[in-house]
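Me: Please take me on a close look at a single part of this model, starting from the part itself and working outwards. I'd like one connected account that I can follow with the structure open beside me.

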Amino acid sequence: MDYIRITNIEDPLFAKMHTLLGEVFPPEEVLDFDLWKEPLEDPSIRVFVAVQHDEVVGATEYRYYPQWNIAMTDFTIIGRPGLSIGRFLANNRQQDLNQLAKENGKVLFGGFAEIYDPYEREDFEFGGIKPMNPFVRREVLSHLGYQRLDFPYVHPSWKNDGEAVKGLDFCFMPTDESVTEIPSSLVVDFLKDYYSVLPNKPQEWLQMIKDLQAKQTVKLLPL
């Protein structure tokens, strides 16, 4: 299995990856094909696919933020069961992030990720791919070391229609397992930067940011 970076919308592997995205995620979570052009060409956004026999069987998108020394995993897709794709993607991603932090003269502080909360919503099909079941994915993130940030989370729809997407938790995986809370300002600064590409922010998201700004820290809770 090969770990291959995609940097161009014309790459044939991207078409295969985008098809996989549409099969797995709900429509409001998938960016339109043509809108991927700039993100793929952005050197700070790292999109990799797991390729076996010329087929895209998994994918992950993530980024490293040198100013905060943190990472964000945008998504991880396991396209087929029984191939250890999740482990393959996670290991290669972590090695890449550790190298990026090293080049920044630091040890990675940690990383953010969103995860669906199946205890709140149970209508996630994810293309019928069992490893993508949110109960399974939630446990995998927990095993990797992610913890739930202690605030009610929503995010703007990627359709940029001003709707709030609910039914998720926002998580953080500290490199130092003794870390039990992180600065609220880090969460606010990151979320404002991350969703700056979506001008139509729902009121629920704006209120969430305002509530976070009133805090000093955010606790890390078991996932």
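Reply: **Strand β2 and its surroundings**

Seven of the eight residues of β2 are buried, so the strand is largely enclosed by the rest of the structure; buried means under 20% relative accessible area, exposed over 50% and partly exposed in between, with a 1.4 Å probe and protein chains only. The model is a predicted one, in which local features need pLDDT of at least 70 and side-chain atom pairs count only at pLDDT 80 or more, while totals for chains, interfaces and linings use all residues. Residues are numbered from 1 along each chain as its sequence is written, and side-chain values use heavy atoms, with hydrogens and water left out.

Let's start inside the strand. R46 belongs to β2, which covers residues 45–52; strands (E, at least two residues) and helices (H or I, at least four) are DSSP runs numbered from the N terminus. R46 is itself buried, with a relative accessible area of 14%. Its side chain meets that of D96 in a polar contact of 2.6 Å (N or O atoms within 3.5 Å, one able to donate a hydrogen and the other to accept it within protein; residues adjacent in sequence count only if both atoms are side-chain atoms). Leaving aside neighbours within four places in sequence, R46 is in contact (heavy atoms within 4.5 Å) with R5, T60, E61, Y62, D96 and L100.

Now for the strands beside it. β2 pairs with β1 in the antiparallel sense over four bridges; pairing requires at least two DSSP bridges between two strands. In this pair, D2 has V51 of β2 as its bridge partner, and I4 stands opposite V49. β3 also runs antiparallel to β2, joined to it by eight bridges, and Q52 stands opposite E55 of β3. The hairpin of β2 and β3 has two residues between the strands, and H53 takes a positive phi near 55 degrees there.

Stepping back, the open sheet has nine strands with mixed pairing, in the order β1-β2-β3-β4-β5-β9-β6-β11-β10. β1 (2–5) and β10 (181–183) are its edges: each has a single partner strand, so one side of each lacks a neighbour in the sheet. On average, neighbouring strands are turned by 30 degrees against each other, direction ignored.

Two helices come next. Helix α1 (residues 12–24) lies across β1, β2, β3 (55–65) and β4 (70–78), running at about 90 degrees to β3. Helix α3 (residues 85–103) lies across β1, β2, β3, β4 and β9 (168–174), at about 30 degrees to β3. The axes are lines fitted to C-alpha atoms, for helices over the stretch in contact, with angles from 0 to 180 degrees between N-to-C directions.

Finally, look at the packing. The largest nonpolar core has 50 residues, and M17 is one of those with the most contacts inside it; such a core is a set of buried Ala, Val, Leu, Ile, Met, Phe, Trp, Tyr and Cys residues joined through side-chain atoms within 4.5 Å. Beyond neighbours within four places in sequence, M17 is in contact with I6, W36, V47, V49, V56, A59 and F75. A second, separate core of 14 residues includes V57, Y62, Y64 and L100. Y62 and L100 bring us back to R46, since both are among its contacts.
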